[in-house]
Amino acid sequence: MKILLIGKNGQVGHELQRTLLPLGELVVLGRDALDLSDSAALNQVLESQAADVIVNASAYTAVDRAEADEAGAMAVNAAAVSAMAAYARSHDALLVHYSTDYVFDGDKQAPYIEDDATAPQSAYGRSKRAGEEAILASACKALVFRTSWVFSVHGGNFIKTMLRLAGERDSLNVVADQFGAPTSAELIADVTALAIAAYRRGALADGIYHLTAAGETSWHGLASYAIERAQARGLALKVAAAQIKPIPTEAYPLPARRPRNSRLDTSKLSSALDLQMPAWQVYVDRLIDQLS
Ligand SMILES: NC(=O)c1ccc[n+]([C@@H]2O[C@H](COP(=O)([O-])OP(=O)(O)OC[C@H]3O[C@@H](n4cnc5c(N)ncnc54)[C@H](OP(=O)(O)O)[C@@H]3O)[C@@H](O)[C@H]2O)c1
(Lines give C-alpha, C1' and ligand atoms only; values in the text may rest on other atoms or scores of the structure.)
Protein backbone atom coordinates (compact mmCIF):
# COMPACT_ATOMS: atom_id res chain seq x y z
CA MET A 1 0.00 0.00 0.00
CA LYS A 2 1.31 3.45 -0.92
CA ILE A 3 0.35 6.41 1.28
CA LEU A 4 0.76 10.05 0.28
CA LEU A 5 0.84 12.41 3.28
CA ILE A 6 0.17 16.03 2.30
CA GLY A 7 0.94 18.63 4.99
CA LYS A 8 3.82 16.94 6.77
CA ASN A 9 4.88 20.02 8.74
CA GLY A 10 1.64 20.82 10.55
CA GLN A 11 0.86 19.67 14.08
CA VAL A 12 -1.05 16.59 12.92
CA GLY A 13 1.12 16.06 9.84
CA HIS A 14 4.26 15.91 11.95
CA GLU A 15 2.80 13.12 14.11
CA LEU A 16 1.43 11.26 11.08
CA GLN A 17 4.96 10.96 9.69
CA ARG A 18 5.54 8.50 12.55
CA THR A 19 2.20 6.69 12.92
CA LEU A 20 1.67 5.98 9.20
CA LEU A 21 5.08 4.33 8.78
CA PRO A 22 4.01 0.76 9.65
CA LEU A 23 1.12 0.82 7.17
CA GLY A 24 3.06 0.81 3.93
CA GLU A 25 5.25 2.90 1.64
CA LEU A 26 4.98 6.48 2.87
CA VAL A 27 5.64 9.59 0.76
CA VAL A 28 5.46 12.90 2.66
CA LEU A 29 5.09 16.40 1.20
CA GLY A 30 5.18 19.87 2.73
CA ARG A 31 4.31 23.27 1.31
CA ASP A 32 7.85 23.61 -0.10
CA ALA A 33 7.16 20.67 -2.44
CA LEU A 34 3.47 21.37 -3.11
CA ASP A 35 1.53 24.61 -2.73
CA LEU A 36 -2.10 23.57 -2.56
CA SER A 37 -3.32 26.82 -4.07
CA ASP A 38 -1.64 25.65 -7.32
CA SER A 39 -4.25 23.23 -8.67
CA ALA A 40 -2.16 22.14 -11.65
CA ALA A 41 0.74 21.22 -9.35
CA LEU A 42 -1.63 19.32 -7.04
CA ASN A 43 -3.08 17.29 -9.91
CA GLN A 44 0.38 16.54 -11.25
CA VAL A 45 1.52 15.27 -7.82
CA LEU A 46 -1.60 13.13 -7.36
CA GLU A 47 -1.18 11.54 -10.81
CA SER A 48 2.55 10.96 -10.48
CA GLN A 49 2.42 9.53 -6.94
CA ALA A 50 -0.56 7.25 -7.70
CA ALA A 51 -1.07 6.51 -4.00
CA ASP A 52 -3.62 4.07 -2.62
CA VAL A 53 -4.28 6.36 0.35
CA ILE A 54 -4.06 10.17 0.40
CA VAL A 55 -3.86 11.68 3.89
CA ASN A 56 -4.48 15.41 3.86
CA ALA A 57 -3.16 17.00 7.04
CA SER A 58 -2.75 20.43 5.45
CA ALA A 59 -5.21 23.24 5.93
CA TYR A 60 -5.58 27.00 5.99
CA THR A 61 -5.87 27.17 9.80
CA ALA A 62 -5.42 30.94 10.39
CA VAL A 63 -8.98 31.37 11.64
CA ASP A 64 -8.94 35.15 12.07
CA ARG A 65 -6.92 35.86 8.92
CA ALA A 66 -9.49 33.89 6.93
CA GLU A 67 -12.16 36.52 7.70
CA ALA A 68 -10.32 38.91 5.36
CA ASP A 69 -9.09 36.15 3.02
CA GLU A 70 -12.00 33.77 2.53
CA ALA A 71 -10.84 33.04 -1.04
CA GLY A 72 -7.45 31.95 0.29
CA ALA A 73 -9.07 29.67 2.86
CA MET A 74 -11.43 28.25 0.24
CA ALA A 75 -8.55 27.49 -2.14
CA VAL A 76 -6.78 25.26 0.41
CA ASN A 77 -9.70 23.96 2.49
CA ALA A 78 -12.22 23.41 -0.30
CA ALA A 79 -10.83 23.58 -3.87
CA ALA A 80 -7.70 21.53 -3.14
CA VAL A 81 -9.75 19.02 -1.12
CA SER A 82 -12.22 18.77 -4.00
CA ALA A 83 -9.34 17.92 -6.37
CA MET A 84 -8.06 15.24 -3.97
CA ALA A 85 -11.57 13.79 -3.73
CA ALA A 86 -11.97 13.76 -7.52
CA TYR A 87 -8.64 11.97 -7.86
CA ALA A 88 -9.60 9.44 -5.16
CA ARG A 89 -12.95 8.80 -6.84
CA SER A 90 -11.49 8.23 -10.29
CA HIS A 91 -8.55 6.10 -9.09
CA ASP A 92 -10.37 4.16 -6.32
CA ALA A 93 -8.03 5.59 -3.68
CA LEU A 94 -8.95 6.34 -0.05
CA LEU A 95 -8.92 10.00 1.03
CA VAL A 96 -8.28 10.69 4.72
CA HIS A 97 -9.08 14.25 5.72
CA TYR A 98 -9.57 16.42 8.82
CA SER A 99 -12.31 18.87 9.66
CA THR A 100 -13.38 20.89 12.65
CA ASP A 101 -15.91 21.78 15.31
CA TYR A 102 -16.15 25.17 13.53
CA VAL A 103 -18.58 23.62 11.02
CA PHE A 104 -21.18 23.92 13.84
CA ASP A 105 -22.69 27.10 15.27
CA GLY A 106 -21.90 26.08 18.85
CA ASP A 107 -25.45 26.69 20.12
CA LYS A 108 -26.30 23.04 20.90
CA GLN A 109 -26.50 22.27 24.62
CA ALA A 110 -24.89 18.80 24.26
CA PRO A 111 -21.89 17.39 22.37
CA TYR A 112 -22.39 17.40 18.59
CA ILE A 113 -22.90 14.13 16.76
CA GLU A 114 -21.82 13.58 13.15
CA ASP A 115 -25.34 14.00 11.74
CA ASP A 116 -26.11 17.29 13.47
CA ALA A 117 -26.86 20.16 11.11
CA THR A 118 -23.83 22.25 10.23
CA ALA A 119 -23.95 26.05 10.41
CA PRO A 120 -20.45 27.53 10.27
CA GLN A 121 -20.15 31.01 11.75
CA SER A 122 -16.78 32.01 10.28
CA ALA A 123 -14.96 32.08 6.94
CA TYR A 124 -12.68 29.28 8.16
CA GLY A 125 -15.69 27.21 9.24
CA ARG A 126 -17.40 27.75 5.87
CA SER A 127 -14.24 26.73 4.01
CA LYS A 128 -13.86 23.55 6.10
CA ARG A 129 -17.53 22.66 5.59
CA ALA A 130 -17.09 23.25 1.84
CA GLY A 131 -14.23 20.74 1.94
CA GLU A 132 -16.46 18.18 3.66
CA GLU A 133 -19.22 18.80 1.11
CA ALA A 134 -16.81 18.35 -1.80
CA ILE A 135 -15.74 14.97 -0.42
CA LEU A 136 -19.33 13.84 0.15
CA ALA A 137 -20.41 15.04 -3.32
CA SER A 138 -17.54 13.20 -5.01
CA ALA A 139 -18.65 9.87 -3.49
CA CYS A 140 -14.99 8.89 -3.14
CA LYS A 141 -13.81 6.45 -0.48
CA ALA A 142 -13.14 8.75 2.46
CA LEU A 143 -12.58 9.02 6.19
CA VAL A 144 -13.14 12.54 7.53
CA PHE A 145 -12.17 13.21 11.14
CA ARG A 146 -13.60 16.31 12.79
CA THR A 147 -11.46 17.37 15.71
CA SER A 148 -11.08 20.36 18.04
CA TRP A 149 -8.58 22.50 19.99
CA VAL A 150 -5.50 20.74 18.55
CA PHE A 151 -2.14 21.02 20.29
CA SER A 152 1.29 19.47 19.91
CA VAL A 153 4.87 20.10 20.90
CA HIS A 154 5.50 21.02 17.25
CA GLY A 155 4.02 24.24 15.89
CA GLY A 156 2.04 27.02 17.47
CA ASN A 157 -1.02 26.42 19.64
CA PHE A 158 -3.00 27.86 22.55
CA ILE A 159 -1.17 25.98 25.32
CA LYS A 160 2.27 27.05 24.15
CA THR A 161 1.04 30.64 23.81
CA MET A 162 -0.35 30.58 27.38
CA LEU A 163 2.90 29.22 28.80
CA ARG A 164 4.86 31.92 26.99
CA LEU A 165 2.55 34.70 28.18
CA ALA A 166 2.58 33.35 31.75
CA GLY A 167 6.36 33.70 31.67
CA GLU A 168 6.27 37.27 30.33
CA ARG A 169 3.26 38.98 31.89
CA ASP A 170 2.07 39.71 35.40
CA SER A 171 -1.56 38.75 34.71
CA LEU A 172 -3.61 36.76 32.22
CA ASN A 173 -7.27 37.02 31.20
CA VAL A 174 -8.67 33.93 29.45
CA VAL A 175 -12.10 33.19 27.96
CA ALA A 176 -14.12 30.92 30.23
CA ASP A 177 -17.44 30.51 28.37
CA GLN A 178 -16.34 28.42 25.36
CA PHE A 179 -16.16 24.67 25.95
CA GLY A 180 -14.38 21.89 24.08
CA ALA A 181 -11.98 18.99 24.31
CA PRO A 182 -8.31 19.89 23.86
CA THR A 183 -6.96 17.21 21.53
CA SER A 184 -3.37 16.17 21.02
CA ALA A 185 -2.02 15.75 17.50
CA GLU A 186 -0.50 12.53 18.88
CA LEU A 187 -3.95 11.08 19.57
CA ILE A 188 -5.28 12.17 16.17
CA ALA A 189 -2.33 10.58 14.37
CA ASP A 190 -2.51 7.37 16.41
CA VAL A 191 -6.22 6.92 15.76
CA THR A 192 -5.83 7.83 12.08
CA ALA A 193 -3.40 4.94 11.61
CA LEU A 194 -5.72 2.55 13.45
CA ALA A 195 -8.64 3.74 11.34
CA ILE A 196 -6.81 3.31 8.02
CA ALA A 197 -5.77 -0.22 9.03
CA ALA A 198 -9.36 -1.03 10.06
CA TYR A 199 -10.73 0.45 6.82
CA ARG A 200 -8.35 -1.63 4.73
CA ARG A 201 -9.54 -4.86 6.34
CA GLY A 202 -13.19 -3.88 5.96
CA ALA A 203 -13.78 -3.16 9.65
CA LEU A 204 -14.57 0.56 9.32
CA ALA A 205 -17.08 2.26 7.00
CA ASP A 206 -16.55 5.44 4.99
CA GLY A 207 -17.80 8.63 6.53
CA ILE A 208 -17.40 11.51 8.91
CA TYR A 209 -16.20 10.70 12.44
CA HIS A 210 -15.66 12.90 15.48
CA LEU A 211 -12.18 12.42 16.95
CA THR A 212 -11.25 14.22 20.15
CA ALA A 213 -9.84 13.36 23.56
CA ALA A 214 -12.35 12.59 26.32
CA GLY A 215 -13.64 15.21 28.71
CA GLU A 216 -14.19 18.91 28.29
CA THR A 217 -13.00 22.23 29.62
CA SER A 218 -12.96 25.94 28.79
CA TRP A 219 -9.99 27.89 27.45
CA HIS A 220 -9.61 29.23 30.99
CA GLY A 221 -9.69 25.68 32.39
CA LEU A 222 -7.09 24.55 29.86
CA ALA A 223 -4.75 27.47 30.55
CA SER A 224 -5.09 26.95 34.31
CA TYR A 225 -4.39 23.22 34.08
CA ALA A 226 -1.37 23.65 31.78
CA ILE A 227 0.16 26.44 33.89
CA GLU A 228 -0.36 24.50 37.12
CA ARG A 229 1.32 21.42 35.63
CA ALA A 230 4.16 23.48 34.16
CA GLN A 231 4.88 25.13 37.51
CA ALA A 232 4.81 21.74 39.23
CA ARG A 233 7.44 20.62 36.70
CA GLY A 234 9.65 23.59 37.62
CA LEU A 235 8.98 25.96 34.70
CA ALA A 236 9.56 29.56 35.81
CA LEU A 237 6.26 31.40 35.27
CA LYS A 238 5.16 34.78 36.64
CA VAL A 239 1.42 33.99 36.65
CA ALA A 240 0.09 31.17 38.83
CA ALA A 241 -2.95 29.17 37.71
CA ALA A 242 -5.13 30.67 40.46
CA GLN A 243 -4.34 34.20 39.22
CA ILE A 244 -5.70 33.66 35.70
CA LYS A 245 -8.84 35.75 35.39
CA PRO A 246 -11.85 34.15 33.68
CA ILE A 247 -13.47 36.49 31.16
CA PRO A 248 -16.49 36.21 28.82
CA THR A 249 -16.09 35.90 25.03
CA GLU A 250 -17.28 39.49 24.60
CA ALA A 251 -14.31 40.77 26.61
CA TYR A 252 -11.84 39.35 24.08
CA PRO A 253 -13.16 40.33 20.64
CA LEU A 254 -11.59 38.58 17.63
CA PRO A 255 -12.35 38.85 13.90
CA ALA A 256 -13.77 35.30 13.63
CA ARG A 257 -16.72 34.13 15.73
CA ARG A 258 -15.94 31.02 17.81
CA PRO A 259 -18.50 28.32 18.75
CA ARG A 260 -19.48 28.46 22.45
CA ASN A 261 -19.93 24.70 22.39
CA SER A 262 -17.13 22.87 20.57
CA ARG A 263 -17.82 19.52 22.22
CA LEU A 264 -17.92 16.58 19.79
CA ASP A 265 -19.45 13.20 20.64
CA THR A 266 -16.87 10.55 19.69
CA SER A 267 -18.99 7.45 20.35
CA LYS A 268 -19.39 6.57 16.64
CA LEU A 269 -15.62 6.24 16.14
CA SER A 270 -14.90 4.80 19.59
CA SER A 271 -17.41 2.01 19.15
CA ALA A 272 -16.44 1.29 15.51
CA LEU A 273 -12.77 0.89 16.46
CA ASP A 274 -13.37 -0.38 20.01
CA LEU A 275 -11.38 2.51 21.47
CA GLN A 276 -11.49 4.32 24.77
CA MET A 277 -10.47 7.94 24.15
CA PRO A 278 -8.03 9.08 26.84
CA ALA A 279 -8.77 12.23 28.85
CA TRP A 280 -7.37 15.49 27.41
CA GLN A 281 -5.30 16.01 30.58
CA VAL A 282 -3.18 12.93 29.79
CA TYR A 283 -1.83 14.61 26.68
CA VAL A 284 -1.37 18.02 28.28
CA ASP A 285 0.79 16.26 30.89
CA ARG A 286 2.80 14.67 28.06
CA LEU A 287 3.23 18.05 26.39
CA ILE A 288 4.47 19.67 29.61
CA ASP A 289 6.89 16.78 30.11
CA GLN A 290 8.23 17.32 26.59
CA LEU A 291 8.60 21.08 27.14
CA SER A 292 10.27 20.90 30.56
N1 LIG B 1 -5.44 23.50 15.05
C2 LIG B 1 -6.66 23.28 15.56
O3 LIG B 1 -6.97 23.69 16.69
C4 LIG B 1 -7.68 22.49 14.79
C5 LIG B 1 -8.96 22.34 15.33
C6 LIG B 1 -9.91 21.57 14.62
C7 LIG B 1 -9.57 21.02 13.40
N8 LIG B 1 -8.33 21.21 12.88
C9 LIG B 1 -8.01 20.60 11.58
O10 LIG B 1 -7.04 19.60 11.80
C11 LIG B 1 -6.18 19.52 10.65
C12 LIG B 1 -4.73 19.63 11.09
O13 LIG B 1 -4.57 20.87 11.79
P14 LIG B 1 -3.15 21.32 12.37
O15 LIG B 1 -3.41 21.98 13.69
O16 LIG B 1 -2.19 20.21 12.27
O17 LIG B 1 -2.78 22.47 11.31
P18 LIG B 1 -1.42 23.29 11.17
O19 LIG B 1 -0.48 22.94 12.27
O20 LIG B 1 -1.81 24.72 10.98
O21 LIG B 1 -0.82 22.72 9.82
C22 LIG B 1 -1.40 22.98 8.59
C23 LIG B 1 -0.38 22.68 7.52
O24 LIG B 1 -0.98 23.01 6.26
C25 LIG B 1 0.01 23.65 5.50
N26 LIG B 1 -0.55 24.54 4.48
C27 LIG B 1 -1.33 25.62 4.66
N28 LIG B 1 -1.58 26.21 3.48
C29 LIG B 1 -0.94 25.47 2.54
C30 LIG B 1 -0.79 25.57 1.13
N31 LIG B 1 -1.35 26.58 0.42
N32 LIG B 1 -0.07 24.64 0.48
C33 LIG B 1 0.52 23.63 1.17
N34 LIG B 1 0.44 23.48 2.51
C35 LIG B 1 -0.28 24.40 3.17
C36 LIG B 1 0.83 24.45 6.48
O37 LIG B 1 2.07 24.72 5.90
P38 LIG B 1 3.11 25.76 6.59
O39 LIG B 1 3.71 24.96 7.72
O40 LIG B 1 4.07 26.06 5.51
O41 LIG B 1 2.28 26.93 7.03
C42 LIG B 1 0.91 23.52 7.66
O43 LIG B 1 2.03 22.66 7.59
C44 LIG B 1 -6.64 20.61 9.70
O45 LIG B 1 -7.53 20.07 8.75
C46 LIG B 1 -7.42 21.57 10.59
O47 LIG B 1 -8.39 22.29 9.87
C48 LIG B 1 -7.37 21.91 13.55
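How many of the 292 residues of the chain count as buried? The share is 47%. A residue is buried if 20 or more other C-beta atoms lie within 10 Å of its own, exposed if 12 or fewer, and partly exposed in between, with C-beta atoms placed from the backbone.

This is a predicted model, in which local features need pLDDT of at least 70, side-chain atom pairs count only at pLDDT 80 or more, and totals for chains, interfaces and linings use all residues. Residues are numbered from 1 along each chain as its sequence is written.

## Overall build

The chain has nine helices and 12 strands. Helices (H or I, at least four residues) and strands (E, at least two) are DSSP runs, numbered from the N terminus. The C-alpha atoms fill a box of roughly 55 × 35 × 35 Å along the principal axes. The radius of gyration of the chain is 19 Å, which agrees with the value near 19 Å for a compact globule of 292 residues. That radius is taken over C-alpha atoms, and the globule rule is 2.2 Å times the number of residues to the power 0.38.

Two residues are in contact if their C-beta atoms, placed from the backbone, lie within 7 Å. Take the contacts in the chain with a separation of 6 or more: residues 24 or more positions apart account for 80% of them.

## Around the ligand

The ligand is surrounded by 26 residues, the closest being G10, Q11, S58, A59 and V150. Helix 1 (11-19) and strand 4 (94-100) are the elements that give two or more residues to this shell. A residue is near the ligand if its C-beta atom, placed from the backbone, lies within 6 Å of it. Helix 1 gives the most, with three residues.

By type, the shell divides into 11 nonpolar, 12 polar and three charged residues. Here Ala, Val, Leu, Ile, Met, Phe, Trp, Tyr, Cys and Pro count as nonpolar, Asp, Glu, Lys and Arg as charged, and the others, Gly among them, as polar.

Helix 1 also has buried residues: Q11, V12, G13, H14, E15 and L16. Their cover includes strand 1 (2-6), strand 3, strand 4, strand 6 (150-151) and helix 6 (185-200).

## Helix 3

Helix 3 covers residues 70-91. Its 22 residues should span 32 Å at 1.5 Å a residue, and the end C-alpha atoms are 30 Å apart, which agrees. The expected span is 1.5 Å times one less than the number of residues.

Where is the kink in helix 3 centred? On V76, with an angle of about 30 degrees. The bend at a residue is the angle between axes fitted to the seven residues ending there and the seven starting there.

V76 is also buried. The other buried residues of helix 3 are A73, M74, N77, A78, A80, V81, M84, A85, Y87 and A88. An α-helix has 3.6 residues a turn, so residues three or four places apart point the same way. The buried residues of helix 3 pack against helix 2 (39-49), strand 3 (53-56), strand 4, helix 4 (123-138) and strand 5 (141-147). After helix 3 comes D92, with a positive phi near 55 degrees.

## Positive phi in two loops

A50 and W149 sit in loops. A50 is between helix 2 and strand 3. W149 is between strand 5 and strand 6. A50 has a positive phi of about 45 degrees and is not a glycine. W149, also a residue other than glycine, has a positive phi near 45 degrees. Is A50 buried or exposed? A50 is exposed, because 11 other C-beta atoms lie within 10 Å. W149 is buried, with 24.

## Three single residues

The table gives C-beta neighbour counts within 10 Å.

| Residue | Neighbours | State |
|---|---|---|
| E132 | 21 C-beta atoms | buried |
| S224 | 22 C-beta atoms | buried |
| V282 | 15 C-beta atoms | partly exposed |

E132 belongs to helix 4. Beyond four places in sequence, E132 touches S99, V103, V144 and I208. E132 and H97 are 35 residues apart along the chain, with 8.6 Å between their C-alpha atoms.

S224 is in helix 7 (residues 219-232). Leaving aside neighbours within four places, S224 is in contact with A241 and I244. S224 and I3 are 221 residues apart in sequence, and their C-alpha atoms are 39 Å apart.

V282 lies in helix 9 (residues 280-291). V282 and S184 are 98 residues apart in sequence and 9.3 Å apart in space, C-alpha to C-alpha.
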